[in-house]
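Visitor: Please take a close look with me at the empty space inside this structure, and explain slowly how its walls are made up and what else can be said about the chain around it.

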Amino acid sequence: MISENNEVCLSIRELDERGDLDDQRLLMLIDTAAGDGYLFTAADRKRRLVYGDEIYLRGLIEFTNYCRNNCYYCGIRRDNKAAERYRLSDEQIMDCCRNGYALGYRTFVLQGGEDPYYTDSRICSIVSAIRSLYPDCAITLSLGEKARRSYQAYFDAGANRYLLRHETADPEHYRILHPEDMSLTNRKRCLFDLKEIGYQVGAGFMVGSPYQTHAHLLSDLRFLQDLRPDMIGIGPYITHKETPFAGFASGSLELTLRLLAILRLLFPYALIPATTALGSVHPQGRELGLKAGANVVMPNLSPVKVRRKYDLYENKICTGEDAAQCRACLERRVAAAGYHIVTAVGNARKEPFC
Ligand code: SAH
């Protein structure tokens, strides 16, 4: 037992110093809880070295829950007839930004299902309206898979960041989580197109999704090393009863925290959110995420009356409070965890050349 623990500690130390590990030892770290305390301490030390105690805010505007896709895990999938669908008007979106700006947000994240109503020209006009009113803000889009020319058009209109989780980097696992008409190849194509265009790109995956193995998680880490994204978003998979995966258990807090810490050591310069899903599986999930190496929180700026409808998974937190209440609540939580929220656009720090 002691020698196994030693092996774990030595591996964490190497990961900390070298920023990488061989497959076998990385897999061992994913597999074992024995080193968690040491791992979280190392990850927190690493984030403080690069980012101090700063936490960046992203104001999330969930502007449509219509979706043409049918991902088996997702509560807003096309075939969920029980979902109450909504779209925000341009005015409502601009109101969210105005409200958010006054509360100190300098990044707006427009996220939605893949909703054909929002044609490229509609997206571009929303993006350019936000860009001209808030030249000092980052505009992040999270609209799913599009053609390269669409991504280029949004970028030219003023968007500068894009979040698109790869979900799983293993092609067979991807096949199990998604219907035939979706492919990992296209998802990856999107991510590399976005990078080439000049977006700051966020990728990521769910932890504990149905049929996921630890070997799949290792592939996720290796894929991220290949992509080198600016942002990495992970959160536990959470079951939704109106999906084909209704019978599966949700992912665990513990494994998600362990992966957050491993990510921080693999990617010291990345922006890593303590996600809403993490806060939804444990009352202190987001605070624990920050202590394990995360440095971003993404509170909701959507109007309260639609919050409940952006129902990706069950028991999603923060569906009852307005934006000001969410902001105040997070301020308290972040401070209690030992960090502080800054009013800043919060770009990823640049890796020094060596
Ligand atoms: N249409 C956009 C946004 C999807 S929703 C896109 O394709 O990127 C944002 C993220 O929520 C997804 O990328 C997925 O990782 C996560 N998500 C969806 N269903 C979930 C569930 N049941 N549990 C946890 N996370 C989920």
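Guide: To describe a wall by class, we count Ala, Val, Leu, Ile, Met, Phe, Trp, Tyr, Cys and Pro as nonpolar, Asp, Glu, Lys and Arg as charged, and the others, Gly among them, as polar. The model is predicted, so local features need pLDDT of at least 70 and side-chain atom pairs count only at pLDDT 80 or more, while totals for chains, interfaces and linings use all residues. Residues are numbered from 1 along each chain as its sequence is written, and side-chain values use heavy atoms, with hydrogens and water left out.

A cavity, on a 1 Å grid over the protein atoms alone, is a set of points where a 1.4 Å probe fits but cannot get out, whereas a pocket is an open set with protein on both sides within 12 Å along at least five of seven lines; in both cases the lining residues have an atom within 4 Å of a point. Grid points are joined across faces, edges and corners, and a volume is the space filled by probe spheres set on the points.

By this rule there are four cavities of 30 Å³ or more, and the largest cavity holds about 1,000 Å³ of space. Its lining is made of 48 residues, and those that lie nearest the centre are Gln111, Ser142, Arg165, Glu167 and Leu312. Sorted by class, this lining has 26 nonpolar, 13 polar and nine charged residues.

To say which parts of the chain supply the wall, we need helices (H or I, at least four residues) and strands (E, at least two), which are DSSP runs numbered from the N terminus. At least two lining residues of the largest cavity come from each of E2, strand E3 (107–112), strand E4 (138–142), E5, E6, E7 and helix H11 (276–281), and E7 gives the most, with five residues.

The second largest cavity has about 50 Å³ of space, and Leu60, Thr276, Arg286, Met298, Pro299, Asn300, Ile317 and Cys318 line it. In this lining five residues are nonpolar, two are polar and one is charged.

The open spaces can be described in the same way. About 500 Å³ of space lies in the largest pocket, which is lined by 17 residues, with Arg228, Pro229, Asp230, Tyr269 and Glu351 nearest its centre; by class, these 17 divide into eight nonpolar, three polar and six charged. For the second largest pocket the volume is about 200 Å³, and 15 residues line it, of which His240, Arg308, Lys309, Tyr310 and Asp311 lie nearest its centre. That lining divides into four nonpolar, four polar and seven charged residues.

Now we can turn to the aromatic rings. Rings of Phe, Tyr and Trp (its six-membered ring) pair if their centres lie within 6.5 Å, and planes under 30 degrees apart count as stacked, over 60 as edge-to-face and the rest as tilted. The whole structure has twelve such aromatic pairs. One of them joins Tyr72 and Phe245 edge-to-face, with 5.9 Å from centre to centre and 70° between the planes. Because Tyr72 lies in the loop between strand E2 (59–64) and helix H4 (90–102), and Phe245 in the loop between strand E7 (231–236) and helix H10 (253–266), the pair ties together parts that are 173 residues apart in sequence.

Buried means under 20% relative accessible area, exposed over 50%, and partly exposed in between (1.4 Å probe, protein chains only). Tyr72, at 25% relative accessibility, is therefore partly exposed, while Phe245, at 6%, is buried. In another pair, the ring centres of Tyr162 and Tyr199 are 5.8 Å apart and the planes stand at 85°, so this pair is edge-to-face. Tyr162 is in strand E5 (residues 161–163) and Tyr199 in the loop between helix H8 (184–197) and strand E6 (200–207), so that the pair links distant parts of the chain, 37 residues apart. Tyr162 counts as buried at 0% relative accessibility, and Tyr199 is buried with a relative accessible area of 4%. Finally, Tyr72 and Phe245 return in a wider group, since they form one aromatic cluster with Tyr211 and Phe248.
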